[in-house]
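Subject: Structure handover

Hello,

Here is the structure for you to load. My notes on what turned up follow below it.

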Amino acid sequence: MTDLLLLPKRRATLSVLALTLVLAACATAPLPDPAPVPVINAGTPASVATPVPEVAVPSAAASAAAPNEAAVAAGPPTDPVRPDEPVDLDAIAAQRDLWVRVRRGFAMPDIDTPLVRDREQWYATRPDYVQRMTERSSRYLFHVVEEIERRGMPTELALLPFIESAFNPQAMSTAKASGMWQFIPSTGKHFDLAQNAFRDDRRDVLASTRAALDYLQKLHGMFGDWHLALAAYNWGEGSVGRAIARNQKLGLPTDYLSLKMPDETRYYVPKLQAVKNIIARPEAFGLALPGIENHPYFLSVPIQRDIDAALVARLAGLPLDEFHALNPSLNKPVILAAGTPQVLLPYDNANEFVRVLPGYQGPLASWTAWVVPTTMKPAEAAKRVGMSEAELREANRIPPRMLVRAGSTLMVPRHPHRHHDDVSERVADNATMLLAPEAPALRRSTVKARKNDSVASIAARYRLSAASVAGWNKVAASAHFKTGQAVVLYLPGKAATARKSTAGATAKTRSTRTATSTAAKRKPASKAVAARPTAQSKNRVAANSR
């Protein structure tokens, strides 16, 4: 079995980490103006009389910036758990293997069941999977362990993302659970994980870890047992509570192994126990763990101006996919400082970013947010902001045959002469995409009123509102029509065609019925079999009517 590769050590000079960054005046290098070019709106105007959106009211930070964009764009990088303490990668403690620290913090009682043996065997026979999973965890594990130790929780919980997502912060389940800790939307909102058009904090490394540990602490407080808390994390606190009550009623034990539960939850703690056993003694399973040094993999870099994610990655000397691995909450290619006040960068890349950013000349962000003032088609919205419809749809993931409803927040090009107008906190925190299906095109049709027809009867027949039928024909909603009177209706194109086809079929049937009746009078009764097509025609018309 191939041993797992050791991760390279990271070094950087502490003197650079102490640097307080002040962005020098960025020379404006405007791109050719699209036609028309929008002035981006950070609020929701009541109406727009011209094809160009109204001027935004800049945020307080943006208002303080000079037009030449001389403003603080980032501060010094810090350890997000201990922001006031310097990070010394040369310290003896930083050289230790993080796995030793994890093992030292194990505090949950072990379970030993056939399900544990089953999961141990499953992992042991998949060394490539274990390698990918543990190497991916090296980005995040130090931060998770720091948080857990700070709260006095058992370090087995730091292994839970192995079970939930294989330490993949981009993971999405069929139940719409997302992120490293797999929060469903409702639970995420309950624990203050923002989910909007520009970011999903369920995937945020720092925010989701905070929320998951908050939730686990709450569950442990409810049940007084970590195994039951884990069952509730997977199955729901209400389900575990009912299972405990059921066993109490039957006089049965109420520990994790005694409860009746779905298979997924029944395997949940044994899977964690199996991973714990592998981490504790990898050689016993023929596995080798990659070494993870006991220091932060990433640092937090404050962001105080809107800036493109690709620009951050480029200035940091970091591949864009690695940037997104540390900042997976971003839904768009632009980082809105009001909603995402920090980004995570590997230690050396954070150092590089704060070193080169002051000398960068040019706009920081090429995108911004526009709140749609009224419901409109994507083609109309694209025209207002100077994009093609295809570009607008792709940038905002607008599916075909949908309208963009009023109040939606779209990502659009930033006006080249208004780079100091950053998106407000209100928009950044509440950006939503509201869509509605396009109404089918209506065609003017004329139908003849039947005997005793009224506005109400015709409206019901064609599934229209009586007010619409009355308005189209300039009559009262209680009016009646004369037999044969032409009644104007506006019907969907296909419906109008179908009505015409039905009317034609009815006329043809009536003609056939008359001809058949005449023929039957002229010919002997033995030839009445000719009437069968008439009956079939009736059936077809009846089917069309239904």
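Start with helix α5: its buried residues pack against α6 (127–137), α8 (160–164) and α13 (263–280). Keep in mind throughout that this is a predicted model. The buried residues of α5 (residues 114–124) are Leu115, Val116, Arg119, Glu120, Tyr123 and Ala124. An α-helix has 3.6 residues a turn, so residues three or four places apart point the same way.

Overall picture

The protein chain has 546 residues, and 48% of them count as buried. Its secondary structure comes to 23 helices and ten strands. Take the contacts between residues at least 6 apart in sequence: 74% of them join residues at least 24 apart.

Helix α7

Helix α7 (residues 141–151) is largely enclosed by the rest of the structure, because nine of its eleven residues are buried. Those buried are Leu141, Phe142, His143, Val144, Val145, Glu146, Glu147, Ile148 and Arg151. Charged side chains are on that list, including Glu146, Glu147 and Arg151. The cover over the buried residues of α7 includes α4 (98–104), α6, α10 and β1 (298–302). Just after α7 comes Gly152, with a positive phi of about 70 degrees.

Cores

The largest nonpolar core holds 70 residues. Trp181, Phe183, Leu216, Leu230 and Tyr233 have the most contacts inside it. Helix α10 (residues 205–223) gives the most to this core: ten residues. Another core lies apart from it, with 25 residues, among them Val372, Ala382, Ile398 and Val404.

Aromatic rings

What does Phe183 touch beyond four places in sequence? Its partners are Lys176, Ala177, Ser178, Gly188, Phe191, Leu193, Arg202, Ser208, Ala211, Ala212, Tyr215 and Tyr233. Ring pairs link Phe183, Phe191, Tyr215 and Tyr233 into a cluster. The count of aromatic pairs comes to nine. In one of them, the ring centres of Phe183 and Phe191 are 6.4 Å apart and the planes are at 50 degrees, so this pair is tilted. Phe183 and Phe191 are both buried.

There is also a charge over a ring. The charged end of Lys276 sits over Phe106, 5.2 Å from the centre of its ring.

Cavities

How many cavities of 30 Å³ or more are there? The count is five. The second largest has a volume of about 70 Å³. Its lining is Tyr123, Val130, Met133, Thr134, Phe162, Val275, Ile278, Ile279 and Leu289. The elements that give two or more residues to this lining are α6 and α13. Both also pack against the buried residues of α5. Tyr123, one of the lining residues, is itself a buried residue of α5.

Leu435

Leu435 lies in strand β8 (residues 435–437). Is Leu435 buried, exposed or partly exposed? Its relative accessibility is 26%, so Leu435 counts as partly exposed. The cut-off for buried is under 20%. Leaving aside neighbours within four places in sequence, Leu435 contacts Ile398, Pro399, Met402, Leu403, Val404 and Arg405. Two of these partners, Ile398 and Val404, belong to the 25-residue core. Between Leu435 and Arg401 the C-alpha to C-alpha distance is 9.9 Å, with their places 34 residues apart in sequence counted as separation.

Best regards

Notes:
Residues numbered from 1 in each chain as written. Predicted model: local features only at pLDDT ≥ 70, side-chain atom pairs only at ≥ 80, totals over all residues. Heavy atoms only, no water. Buried < 20%, exposed > 50% of the residue type's maximum accessible area, 1.4 Å probe, protein only. Helix = DSSP H or I, 4+ residues; strand = E, 2+ residues; numbered from the N terminus. Contact = heavy atoms within 4.5 Å. Core = buried A, V, L, I, M, F, W, Y, C linked by side-chain atoms within 4.5 Å. Phe/Tyr/Trp six-rings, centres within 6.5 Å; stacked < 30°, edge-to-face > 60°. Lys NZ or Arg CZ within 6 Å of the ring centre and 35° of its normal. 1 Å grid on protein atoms, 1.4 Å probe; cavity = no way out; pocket = protein on both sides within 12 Å on 5 of 7 lines; lining within 4 Å. Points joined across faces, edges and corners; volume = space filled by probe spheres on them.
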